Amino acid sequence: MHAPEPLQCRGSGLDFRELRFARAMTFAIEEINNSTELLPGIRLGYQIHDSCASVSVATRATFQLINGLDPIFSLSASCSKSSTVFAIVGESGSTPSIAMARVLSPFVIPQVSHYATCACLSDKQQYPTFLRTIPSDKFQAAALVQLVKHFGWTWIGAVRSDSDYGNSGMAAFLAAANAEGICVEYSEAFYRTNPHSQIRKVAEVIQRATAQVVVAFIATGDMIVLLKELVQLGLPPLQWVGSESWITDLSMTQFGMFLGAVGFGIRRAIIPGLRTFLMDLSPAQASASPILQEFWESAFRCRLASGPVGPGAQVCNGSESLQQLQNAYTDTSQLRITNMVYKAVYAVAHGLHSLVCAEQNGSTLHCDRGMKPNPLQVLEHIRKVNFTLNGNRVSFDANGDPVATYELVNWQLSEHGQVEFVNVGYYDASAPEGKLLTMTRNITWTGGQSQVPKSVCSESCPPGTRKAVQRGKPVCCYDCVPCAEDEISNKTDSLDCVRCPSDAWPNPQGDACIPKPIEFLSFSEYLGIILAASSVVGACLAIAIAAVFYLHKDTPIVRANNSELSFLLLFSLTLCFLCSLTFIGRPSQWSCMLRHTVFGVTFVLCISCVLGKTIVVLMAFRATLPGSNVMKWFGPPQQRLSVLAFTLIQVLICVLWLTFSPPFPNKNMKYYKDKIILECDVGSAVGFWAVLGYIGLLSLMCFVLAFLARKLPDNFNEAKFITFSMLIFCAVWITFIPAYVSSPGKFTVAVEIFAIISSSCGLVMCIFVPKCFIILFKPEKNTKKHMMGKVPSKAL
């Protein structure tokens, strides 16, 4: 058995940023050792090991710390040795931290990391002794998704380090992105030690892709390797979205393609006295530590050596000054991860203080310097720490994670042409939903443009269309399909169209439902005006004829044609003409009942009068035969009674119809899809057709009787005129039935009005107009002598 060989790193050189982290730890420990409030009288010792970002080296260093072996280098002037350490601060990388945590867990030694962000380390079943002052990548992944969603990027590329940090962080990001409907065109992984061909392949995938936004969950060292390949390919500017590992790394500013990059970084902090401490380094102090000596020689490109120096080597002359240097070690303008180191050291110190020191009313009474606590006690007390350091709250949740807060960092050019990390917003995981991400200033995007770049697989579908996913492609690649004729979509990128209510119809754009126009025959439209005017003219004509008959009531032609029935017929015809007006206008409950019943009753009254006149003609002819006194059985009383009886039957039918199933206004939405027909539903079809059938039956009887009496030998015989009128009447109403059934919308009502006016006009023109012509223009024929004519007959 022998001691392990000294650890040596093989790589590209010293990482100045990591050295600043180590020096910040030294600064914090010295502050604590000089404090009179925190661990008074107790000095903390420390050892610093270089893990070389290697799992094997980090594991060997961990075993060294556990076993209490001498370190390779130490920045501690004096330290009382202990067999084991009480706590370990580190590591920076997630993968080495995982290896360390697995080694430390059986020994219950607390490990507080300042930069290991892998969400897997929050699993206390696997890593019970791990804590950290930097938020978990679980929160960073959620923050990146909120950022991508905020700017409307639904088509992105993704690259990651092929390590625990990159794989775990990207897995959390992809899961959250998928839940938000964000599609990933490609997801590539690599590591800096991969063969060049593999890294080249990743660079070519980025070059060929159509996504204009690239989310990079990559460690700084891996990112530099990838960007060198992209520069060689001449990649045009893309919008880079970065994780905290590289978005605030000053060494990345050498790549111009990153101008306009955005990402979340750890919040900046001010650590009083740190810059002075970092700069207060002399050649003699640097020579006392191998790592500081390497830093000095690398920074000033000279040799610190007391012995002989090789040929061609420049010896440091002592005039070198850190104040003149500009590198990651001297840059204290963006203290982010450095502050995490600072907080980690103070978290350990506060845990030890609460364990070994007694307090009362916030003041330390005494500290037990002889106490030798075990690591488990230290771990329990570190978990419970809750203090404020330089305005920042330090505490751990049940998973050993702090409250997640980030700054949104944007790479912008300063007035002097230098790249600056500008804070343009915040993300607070403890904020309520909807207020997680807060923007504070404008962002400069890739290429220096002020307009947010677009990165979508398909353009947004406007209202009036819906998304139809393209076969074999992600959900973000779709076609915009217009909604069906009775459906709308009232927002952008609708997944489905919604059907309009039954009384509404899509507007021409298909993005809103508008009420369907209601159609009915109104008095304000031309058709309604014409029909209403025709109805009024017909009624006026009937009244005018009645006036002519009244003025000439004593003339033979009026007396010979049964003046009482003629006046009653003219009255009924006037009502028939006027009843058509009830069919025009907006249907209501009362108008629907009125129009059909008035129509049915007035027409039956009209036909009853015509039927009475026809029977009178037949009876009159029978009365001229020798020995016949038939007229006494159908005199004026019988005529009135017959008209009343025929009419009362129709009235009874209408009463039954209105009682059991009356007509009612109805919105017919079946005939037209884009408009509503407001009509009168007949209610009972039996009642409606019974009314029409009864009118038809009387008309048919009247026509048959008039036809039989058409050639009776009398000059005043009305039968031939009644025959013509009934022929017209029946023809109108027979053609009305198919026209009524097939006419659309308001034209159904127009057909019915036309039938009413036409049939009424037929009766007026055939029965009364010839008589009026004789009365007004041929008065010589309106004499008893002329009326007796060739065949003598008795006047009625």
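A nonpolar patch here is a group of nonpolar side chains joined within 5 Å, each from a residue with over 30% relative accessible area and no salt bridge. Keep that in mind for the first stop. The model on your screen is predicted.

**Stop 1: helix α18**

Select residues 636-660, which make up helix α18. Now pick out L641, L644, L648, V651 and V655. Together they form a nonpolar patch on the surface. Their combined accessible area is about 430 Å².

Click on L641, which belongs to α18. Is L641 buried or exposed? Its relative accessibility is 55%, so L641 counts as exposed.

Next, colour the buried residues of this helix. They are Q639, S642, V643, T647, Q650, C654 and W657.

Try a length check on α18. The helix has 25 residues, and at 1.5 Å a residue they should span 36 Å. The C-alpha atoms at its ends are 37 Å apart, which agrees.

**Stop 2: the hairpin of β11 and β12**

Go to strand β11, residues 386-389. Show the side chains. In a regular strand, side chains alternate between the two faces of the sheet. Which residues of β11 point to which face? F387 and L389 point to one face and are buried. N386 and T388 point to the other face and are not buried.

Add strand β12, residues 392-395. It pairs with β11 in the antiparallel sense, over 4 bridges. Find L389 and look across to β12: its bridge partner is N392.

Now look at the turn. The two strands form a hairpin with 2 residues between them. N390 sits in that turn and has a positive phi of about 55°.

**Stop 3: strand β13 and its neighbours**

Select β13, residues 405-413. How many of its 9 residues are buried? The count is 7, so β13 is mostly covered.

Bring in β8, residues 262-266. β8 and β13 pair in the antiparallel sense over 5 bridges. For one pair, select G263: its bridge partner in β13 is V409.

Then add β14, residues 419-428. β13 and β14 run antiparallel and are joined by 9 bridges. Select W411 and look for F421 in β14, which stands opposite.

β13 and β14 also form a hairpin, with 5 residues between the strands. Select G417 in this hairpin; its phi is positive, near 80°.

**Stop 4: salt bridges**

Side chains of opposite charge can pair when their charged atoms come close. How many salt bridges does the structure hold? There are 13. Visit three of these pairs, then a network.

Stay with β13 and select E407 together with R268. They form a salt bridge, and their closest N and O atoms are 3.4 Å apart. This pair links distant parts of the chain: E407 is in β13, while R268 is in the loop between β8 and α9, 139 residues apart. E407 is buried, with a relative accessible area of 5%. R268 counts as partly exposed, at 35% relative accessibility.

Move to E180 and K149. This salt bridge has its closest N and O atoms 2.9 Å apart. The pair connects distant parts of the chain, 31 residues apart: E180 lies in the loop between α5 and β5, and K149 in helix α4, residues 137-150. E180 is partly exposed at 35% relative accessibility. K149 is also partly exposed, at 44%.

Now select R499 and D486. Their closest N and O atoms are 2.2 Å apart in this salt bridge. R499 is in strand β19, D486 in the loop between β17 and β18, and 13 residues separate the two positions. R499 counts as exposed, at 56% relative accessibility. D486 counts as partly exposed, at 22%.

For the network, select R200, E204 and E229. Salt bridges that share partners join these residues into one network.

**Stop 5: a loop asparagine**

Finish at N507. Where does N507 lie? Look in the loop between β20 (504-506) and β21 (513-515). The relative accessible area of N507 is 13%, so it is buried.

Select D511 as well. The side chains of N507 and D511 are joined by a polar contact of 2.7 Å.

Technical notes. Residues numbered from 1 in each chain as written. Predicted model: local features only at pLDDT ≥ 70, side-chain atom pairs only at ≥ 80, totals over all residues. Heavy atoms only, no water. Patch = residues over 30% accessible without salt bridge, like charges linked within 9 Å, V, L, I, M, F, W, Y side chains within 5 Å. Areas by Shrake-Rupley, 256 points an atom, 1.4 Å probe, with all protein chains shown as cover. Salt bridge = Lys/Arg side-chain N within 4 Å of Asp/Glu carboxyl O. Buried < 20%, exposed > 50% of the residue type's maximum accessible area, 1.4 Å probe, protein only. Expected span 1.5 Å × (residues − 1). Pairing = 2+ DSSP bridges. Polar contact = N/O pair within 3.5 Å; in protein donor to acceptor, adjacent residues only side chain to side chain.
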